Structures are given as structure tokens and as C-alpha cells.
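Here is a quick tour of some ring contacts, a loop residue and a helix. Keep the viewer open as you read.

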Amino acid sequence: MPNIMRAMIVPESDFSECTSLVVDGNPTSRSILVSQLRDFGMGSVVQSARAVDARRHLEYRNFDFVLCEQHFATDTMSGQDLLDDLRRNQLLPFSTVFIMITGEATYTQVSEAAESALDGYLLKPHKASQLGDRLVAARVRKVALQGIFSAIEAEKYALAAQLCLDRFRNKGPFWLYAARVGAELLLRMGQAAEAQTLYKAVVDAKTLPWAKLGIARAQLDAGQVNQATSTLERLIGEDSSYADAYDVMGRAQFELGRFDKALDTYRMAATLTPASVSRLQNFAMMTFYSGDYAEAEKLLDRTTRLGLDSKMFDPQTLVLLAFCRLYIVDRKGLQRCEDDLLRLIERDESNARIPRLLGIVRALNLIQQSEFVPAIDAVRALAATVRDPLFDFESASNLVALLSQLSARTIQLNELEETIDVIGRRFCSNRPLTELLAASALAYPAYAERLRAAQGQVLNYAETAMALSLAGDPTNAVKNLILHGRDTLNARLIDNAYQLLQKHSNKVEGAAELSHAVQQLKNSCGPTLQLATLGEPKRQAGGLALRTGKLPAGSASGEALPAAGS
């Protein structure tokens, strides 16, 4: 037994009552790991040659330790995919130590491990003593941070954040890690200013790349986009291989509507980590919206082949790929997009989003096959939903692209222009959103101009209300915003009405009735989007993935915690 194991007298060094799961596709390396664990006195060791089999084990029993290989030669699921899947489905309790093992000693691999909240990362070939050190250190940290993560698993997020802050201020055991967890919790609870303060304190105490990146993320969440960009430029200047920094920089550039710069940034992130599904996905989608459909088709196809079975895969990739294949006249390829979406539906029948995406691809398939009558019927059915609460920005982008394809083929319908105008008035709240919608209409530039005109109209409505408020008439300012908000369902106008009511409630006549009307409009809008985004975020760029518990809705001990895309 290694010296460290003999020297330790704390319970964390006693593995006689512990269970372990070893996941490795290579029989030799798996056998070595199993032997080493047994030499440490591990009570029970279970083996698995495939990640998918390991998942089944973890569905039915808890393990104290999971040692997992990162890459499997004959398995589409990687160790990272397994970890993401376990965490997303709440199959990995905090008490389990998860250690990733790989032969790839690269920065990006270690960075990915850090953001995944791994308990350890071991590079092959390794000595038994190194594995022993990892096991003991991970268990010691588990015990030290038990209170914090018990609060997280119980969904008492404010308490967990406070415990992290107390540990950081008192420089208790693992205070830097606690600070990172605390800052992540603050960001997810919408307390960007407090998170930024904590990240800055970490930088002052000990300069760490993740803390500097956290400052940029907090600045972005607080709307300080230019400051975030400057922070990121300095961070990338210090370490040009920090892939997470490019993720956040791309997000900042995208939110500013600087799509050309975002394209270059996402290209760099994808180059640094060629096996990352999410980064390749961002690069591929950004290439599509830049109008380079031939190149986008290659990248979207590569994303699909690499990540179709990954939890990080966004089915919107298949929709954009279908548009590209319509453009390059690849009938078989377009049909594969439809088939792949059907597979995803079979895998996740409760997901209402995928059938909406499938409707777009089926309409494209009909256009490709020159079956224009059923294609028009399908488009009309989709256009009839533009004022529904569940009709979101993604639906709008896809429908605009579909309508543009029809018009580009000189298929003119009386209602097409009106549908574009309705979409524009509802979703063109700012320049980035408008330009992303306009990029969806590249096949028929006239629609892009109509969308930009709609943004101008929304801006005029907002400015008129602001002028009324400044002139001392907040009542009519709110009524004006409600009137146009009801007509357009534009989230910006409705939010402006809400903000004015909050600010001038004592000056607004009939404030209670108007507040009720605003709330009704918010419900009619459904999911709102104020910032441009590519697809459905799976993980917030640069974020730390936290294992959280699940309590029943409305549980008294639970507190709201916005999702961070994981």
C-alpha cells in the first residue's frame, strides 16, 4: 500500500466499506485499475467495458468511487458524455467521487474536467501512489465541503452560497474551490454584481484564469458587454489556448451583433478543441448565419456525425443542415435530417421542441421534392401559430428561413409578407435579434429589410412612451406601451411597461389594473428572449457544472435557481 495510505489515519483513507466502478474499454488498463483498487483495500469493485453499461449500473446503485476512461475506441459515448448524462439526470450524488482517466495530457482536457466539477483527473500511465493520492484527496474534500453540497442538493441555494462566502472569507479548507462554487450560485440566482465582487476577490487573493473568466461572465450578465470584452481580451492575451475564454468572447460578440467577429472566435474555440460537440456546433451555426451554406453544410454534417448521440447535441443543428442541403440540392441528405429528428423524438418523446423542428424539415423536404401544394399547406399551418405563447424566437427564425425559401422560388402567397411583419414586430426588440432574424432571410433579402423596418417601428413605440414619461405623463406612457404590446406581443414593450409601473406606481392612475394587464401580456408572450443566442444553450460558457438535487415543485425547502444551460 502506498506511503500516503499508511500515513493517513482519518476515515477517508479506509476503503474497506467502499464500492467502486471502473469503466474502461481496454481490458489491460481496466485490470490494472481493479488490482490497484483492491490493493488499497477497496471493499467491492465492479467493472464495465462500455460507458453505456456503466450508466445502467449507476441507475440502480450508488458507488463511492467511479474511475472512468475518457475515450472508448469502440463506443460513441465518451467519459465526458457519461458524466454529463449522469449529472443531467441526477444519477450522480455528491457523495460519489468521479475521477476521469486519460492519456491525453492537454490543457483543454484538464479545462474540460474542471468545468465539469470532476473530483479528480488522472493521466496515464500513472503510479498506484498517484491514484491513491487522488482517492484520498477527493474524499477529504468531500467531507470538508459536505455542508455546502448538502445545501445544494436540498436546493437551498442561498444558504449554500452563504456557506461558500463564509469559507472564502475565513480561508477555510478548499476556500478557492468554495469561492468558485459560490460565485457560480450567485450568477445563477441573478446576483451578477455579487458574483463579480467574489470573482475579483479571488483574483486579488490568487490570480486564476477561471476567476478572471468569471468576472467577464458576471459583467456580461450585468449588461456590461464592453467591459466583459476588454476583460476577455486581456485573458486571451495571457493564455491564447484558454478555450472557455473564446466561448464567452463569442457570446459577448454575438450579443453585440458582431456576427463576423463571433464567427472568427467560435472558429478558434472549435480549432482548440476539435472533439467538442458544443463548440463545433456554435461554429457551424454561426457559419450558416453568415450565409456560407456550402461550408456550413460540411460543419453541420460533421457536428451531426460527431454528436448526434451526445447530450450536448442541439437538434436545431439538423434544421440548419436541412436548409443547407436544400440549397445544395442533396435530396438524400435532407431526408436523413428528417430521419435523424425522428430518432431523437423516439429517444425523448416528452420533448415538445423536436416535433416543432421536424415540421420545418418536413416542409423543406416537400419543397425539395417540388410538392408545392402540401408544402404551402404546411407553411400556412406553421404561419398560423406566430402569435401563440409557445411560438418562440427559434420558431420565428426557422419560419422566416422557410418563408424565404418559398419566395426565392417565386412561390408568392398573400399572407407571407404579413407573417414576416408580425414576426418582426414581435421579436425585433434590438439590433442583434433583428440581424439574426435577417440572417435567416438571406435567401430572400426583401424580407430582411421588412424585419429591419419592424425593429424601427418597435423602437418608435418605445421612444414615444419614453417621451410621454419624461413629459410627466407616466399613465399614458404605460397605456401606450400596453396598447402596442398587445398588438405586437413584443417583450421589450411589455417589459418597458412593467418597469415604468414599478418606477412610477404612485403616479400612474389605475396602476393595479394596468399591472394586471401587463401580467396577462407577459403570459401571452410565452418564453421571451432579449439576447441573441445560437440554438438551445446546453452549458453556460465558462460555467462550473454543479450536481444539484431535485425536489418536488413547490417544495418549501427549495429556492429558485435559474438554469445555466447544463
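First, the ring bookkeeping: rings of Phe, Tyr and Trp (its six-membered ring) pair if their centres lie within 6.5 Å, with planes under 30 degrees apart counted as stacked, over 60 as edge-to-face and the rest as tilted. By that rule the structure holds 11 aromatic pairs. Two of them look like this:

| Pair | Centre to centre | Angle between planes | Type |
|---|---|---|---|
| Phe-288 and Tyr-293 | 5.2 Å | 45 degrees | tilted |
| Phe-393 and Phe-427 | 6.1 Å | 75 degrees | edge-to-face |

The second pair has a structural job to point at: Phe-393 lies in helix H21 (residues 393–408) and Phe-427 in helix H22 (residues 416–427), so it ties together parts that are 34 residues apart in sequence. Helices here are DSSP runs (H or I, at least four residues), numbered from the N terminus.

A word on the model itself: it is predicted, so local features need pLDDT of at least 70 and side-chain atom pairs count only at pLDDT 80 or more, while totals for chains, interfaces and linings use all residues. Residues are numbered from 1 along each chain as its sequence is written, and side-chain values use heavy atoms, leaving out hydrogens and water.

Are those ring residues buried or exposed? Both Phe-393 and Phe-427 are buried, where buried means under 20% relative accessible area, exposed over 50% and partly exposed in between (1.4 Å probe, protein chains only). Phe-288 is buried too, at 4%, and Tyr-293 is buried at 11%. Those last two also belong to one aromatic cluster with Tyr-289, Phe-323 and Tyr-327.

Rings also meet charge. Lys-171 lies over the face of Phe-168, at 4.7 Å from the ring centre, and its charged end sits over the ring of Trp-175 as well, 4.7 Å from that centre. The test is NZ of Lys or CZ of Arg within 6 Å of the ring centre and within 35 degrees of the ring normal.

Now for Ser-310, found in the loop between helix H16 (293–307) and helix H17 (316–327). Ser-310 is buried, with a relative accessible area of 10%. Leaving aside residues up to four places away in sequence, Ser-310 touches Asp-81 and Val-277, a contact being heavy atoms within 4.5 Å. Its C-alpha atom is 9.2 Å from that of Asp-84, 226 residues away along the chain.

Last stop, helix H6 (residues 128–144): its 17 residues reach 25 Å from first C-alpha to last, close to the expected 24 Å. That expected span is 1.5 Å times one less than the number of residues. Buried residues of H6 include Leu-131, Leu-135, Arg-141 and Lys-142.

Technical notes. Helix = DSSP H or I, 4+ residues; strand = E, 2+ residues; numbered from the N terminus.
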